[in-house]
There are 2 protein chains.
Amino acid sequence: MPTLAAGVPEVLTRHLPAIEVSLRAAITSENSELVSAARYVMGWEDASGASTRNEGKRIRPALCLFGAEAVGGSATDAMPGAVAVELIHNFSLVHDEVQDRDAERHHRPTAWRIFGEGQAINLGDYLYSRAFAALLGGQGKADRQIAAFNVLNRAVSRMIAGQWEDIAFETRDDVTVEEYLAMSAGKTGALLGAPLEMGALLAGGNAETAATLGRWGAEVGLAFQAWDDYLGTWGDSDETGKSTTNDIARKKKTLPVVYGLAHPAAARVIRGAYTLPALGEREIEAVASTLREIGADELCRRAASQHAEAADALLASLTLPADVREHFRAVGGYFYQRGA
Amino acid sequence: MPTLAAGVPEVLTRHLPAIEVSLRAAITSENSELVSAARYVMGWEDASGASTRNEGKRIRPALCLFGAEAVGGSATDAMPGAVAVELIHNFSLVHDEVQDRDAERHHRPTAWRIFGEGQAINLGDYLYSRAFAALLGGQGKADRQIAAFNVLNRAVSRMIAGQWEDIAFETRDDVTVEEYLAMSAGKTGALLGAPLEMGALLAGGNAETAATLGRWGAEVGLAFQAWDDYLGTWGDSDETGKSTTNDIARKKKTLPVVYGLAHPAAARVIRGAYTLPALGEREIEAVASTLREIGADELCRRAASQHAEAADALLASLTLPADVREHFRAVGGYFYQRGA
């Protein structure tokens with residue numbers, strides 16, 4: 001898997017080598033099973049401990065450094081925030097995988113399958129503690145560090161609350177579209193807005209501009225999420241670059257499905273399909289077309305464009321150099337169409 | 001269950017009402033299932049959400065405030081640290097209970113049994129994030145906050161590494177006494193030393209004195225642990241105040257058992273007993289007397305007194321008012337004989 005994913009704007013790839021060096025420094029060099037497990041999760045080791053490269057796109061740390069540069073500051077000043085947000089992201093993935101019993105991430109066995117569930121809980125906790133050590137344990141201005149910490153920790157709290165809701169929704173049949181969107185904003189949006197705001201704060205940007213950048217990131221994240229829910233049901237694999245396994249086949253409760261469950265006729269079709277041991281092409285197609293009939297596709301597209309417009313309005317409210325504004329457009333365009 | 005446990009020195013009980021008020025303020029008043037679950041874990045609600053009082057001794061936050069007073073500072077300045085360390089302690093308990101499949105804590109069902117394993121993982125993560133929000137999210141001097149954060153986060157990292165080792169030891173038969181003591185220092189000692197050091201730092205004490213207080217707390221914690229391992233095997237229930245269920249009956253790998261496994265004859269007796277579905281009085285007695293024959297009881301007592309002496313030497317190295325020194329003696333005496 002290549003480190004530099006195709007289609008990612010240059011502003012989000014230019015610091016990847018430096019990010020990787022700093023991430024490696026944040027996981028202590030101590031030779032223990034726990035540290036080795038952390039290296040596996042970060043994509044630097046395979047399950048046998050041999051060196052490998054499976055790092056993923058590191059979008060969140062790249063956004064943090066971009067936040068610093070967007071306010072005319074230095075990416076170096078924001079590196080502790082970049083490292084922290086990527087370690088937090090990985091902590092949340094490791095715990096989510098235990099909770100959801102996910103078998104694979106990026107075509108590799110998930111941590112709990114290799115180290116056991118109990119150790120995967122420890123591993124997530126360890127990455128969490130290393131994240132804050134990276135943010136607050138080094139040199140830097142104490143007031144900026146604390147401001148960035150508060151942004152990140154609020155995002156983490158929202159992310160955890162979103163994950164709680166997500167699990168709670170599994171046993172509920174009456175989740176409203178509003179509840180679903182609030183959960184999704186916490187679970188996915190919070191950790192996309194936070195890095196931009198942290199980067200701006202760590203680089204000495206003013207708090208108001210930093211907060212606007214954070215809101216921009218969150219809106220872009222929500223636009224992405226709504227669009228991703230659309231593509232997960234109706235996108236074809238050529239267009240999405242994803243495998244043909246769609247959200248309906250995986251019985252996921254996405255925005256269109258939640259919307260459908262509130263419509264009695266569509267709900268009957270969904271429930272009928274989701275209680276089957278496995279869905280065939282015919283059932284998947286029946287659910288997708290039923291959802292289209294009640295306008296669930298339109299709902300997703302509308303949600304995506306509303307968030308994209310909100311993001312554009314936030315950007316328009318800021319005084320920015322032309323090249324920085326262009327970078328924001330490129331990053332926004334990337335999110336509207338692809339995944340993070 | 002009374003809030004003020006019998007035998008706890010006055011210096012560790014005087015601020016309990018204020019600690020409880022601050023802990024409650026640290027868990028947001030937001031009305032959600034997640035927050036309600038946190039209130040259950042903290043002992044303020046029962047499983048139905050009704051108000052109750054099951055708070056435990058709050059030893060760690062009390063140590064933090066004592067650390068502030070010991071350097072002539074104000075307990076109020078150290079309250080964010082007190083709240084943080086208690087929330088961290090509870091986060092670690094909630095995750096440990098999932099890992100160890102513990103059914104009860106303080107005679108109540110553990111969190112995972114009520115909310116499910118996945119949500120218990122979220123709940124621990126939530127308490128973790130509230131802990132650092134309490135420490136760094138409020139007013140206070142930024143440099144002192146960061147110094148206290150670094151002490152706590154280092155302790156958390158050590159605690160997590162200790163928990164990793166503890167789980168790894170379950171499947172190993174060749175754990176050395178040194179490995180066991182290192183695990184125990186991380187898992188139990190780290191979070192007893194840290195609050196004293198944090199309290200001293202938050203109240204403006206100098207870093208060297210604060211570090212010495214932290215080392216004193218860690219030594220006292222290790223003395224307690226060794227003594228607890230002794231009592232768990234050879235103490236009678238009148239003496240310990242614990243139930244008659246001892247560590248051998250529960251097949252725990254304590255210091256004497258780890259020591260015994262390194263002696264072939266004792267190892268045979270232990271393995272024979274620990275492979276039984278349940279141990280009767282006769283098997284428990286056989287293991288206990290075999291361990292006594294090879295001097296495992298003496299090993300525990302020696303470890304306990306060595307740590308107690310190390311703690312005394314640290315205390316002697318500090319210039320302290322007579323009343324403060326007396327308080328340290330009372331706290332030390334409490335730990336050498338009871339649990340935390």
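**Entry 1: two helices of chain B, α9 and α15**

I take angles under 35 degrees between helix axes to count as roughly parallel. The model I am reading is a predicted one. In chain B, I looked up helix α9 (residues 207-234) and helix α15 (residues 322-337), whose axes cross at roughly 25°. The axes of these two helices come within 7 Å. I therefore record α9(B) and α15(B) as roughly parallel to each other.

Which residues make this contact? From α9(B) I noted Val220(B), Gly221(B), Ala223(B), Phe224(B) and Trp227(B). From α15(B) the partners are Gly332(B), Phe335(B) and Tyr336(B). Sorted by class, the contact of α9(B) with α15(B) holds 6 nonpolar and 2 polar residues, with no charged ones.

**Entry 2: α12 and α13 of chain B**

I then turned to helix α12 (residues 264-274) and helix α13 (residues 281-293) of chain B. Their axes come within 10 Å and cross at roughly 160°. Angles over 145 degrees count as roughly antiparallel, so α12(B) is roughly antiparallel to α13(B). I also noted the hand of the crossing: α12(B) passes α13(B) in a left-handed one.

On the α12(B) side, I found Ala266(B), Val269(B), Ile270(B) and Ala273(B). They meet Glu283(B), Ala286(B), Val287(B), Thr290(B) and Leu291(B) in α13(B). The class count for the contact of α12(B) with α13(B) is 7 nonpolar, 1 polar and 1 charged.

**Entry 3: α14 and α15 of chain A**

In chain A, I examined helix α14 (residues 296-316) together with helix α15 (residues 322-337). They pack at an angle of about 170°, and their axes are 12 Å apart. I therefore describe α14(A) and α15(A) as roughly antiparallel to each other.

The residues of α14(A) in this contact are Ala304(A), Ala308(A), Ala311(A) and Leu315(A). Those of α15(A) are Arg325(A), Phe328(A), Gly332(A) and Tyr336(A). I counted 6 nonpolar residues, 1 polar and 1 charged in the contact of α14(A) with α15(A).

**Entry 4: chain A as a whole**

I recorded 15 helices and 2 strands for the secondary structure of chain A. Its C-alpha atoms fill a box of roughly 60 × 50 × 35 Å along the principal axes. How does the radius of gyration of chain A stand against that of a compact globule? With 340 residues, such a globule would have a radius near 20 Å, and chain A, at 20 Å, agrees.

**Entry 5: where chain A touches chain B**

I found 33 residues of chain A in contact with 33 residues of chain B. On the side of chain A that touches chain B, at least two residues each come from α2 (33-42), α4 (75-100), α6 (117-136) and α7 (142-170). Which helix gives the most to this side? I noted that α7(A) does, with 15 residues. By class, this side of chain A divides into 17 nonpolar, 13 polar and 3 charged residues.

**Entry 6: the relation between the two copies**

Lastly, I looked up how chain A is superposed on chain B. A rotation of 180°, with 0.0 Å of shift along its axis, achieves this at an RMSD of 0.0 Å. The two copies are thus related as by a two-fold rotation axis. Of the residues of chain A, I found Ala142(A) closest to the rotation axis, its C-alpha lying at 2.9 Å. The same surface serves both copies, as 100% of the contact residues of chain A recur in chain B.

Definitions and conventions
Residues numbered from 1 in each chain as written. Chains lettered and ligands numbered in written order. Predicted model: local features only at pLDDT ≥ 70, side-chain atom pairs only at ≥ 80, totals over all residues. Axes fitted to C-alpha atoms, helices over the stretch in contact; angles between N-to-C directions. Helix = DSSP H or I, 4+ residues; strand = E, 2+ residues; numbered from the N terminus. Parallel < 35°, antiparallel > 145°, perpendicular 65-115°, else oblique. Left-handed = near helix turned anticlockwise from the far one by under 90°. Contact = placed C-beta atoms within 7 Å. Nonpolar A, V, L, I, M, F, W, Y, C, P; charged D, E, K, R; others polar. Least-squares fit on C-alpha atoms with pLDDT ≥ 70 in both. Rg over C-alpha atoms; globule rule 2.2 N^0.38 Å.
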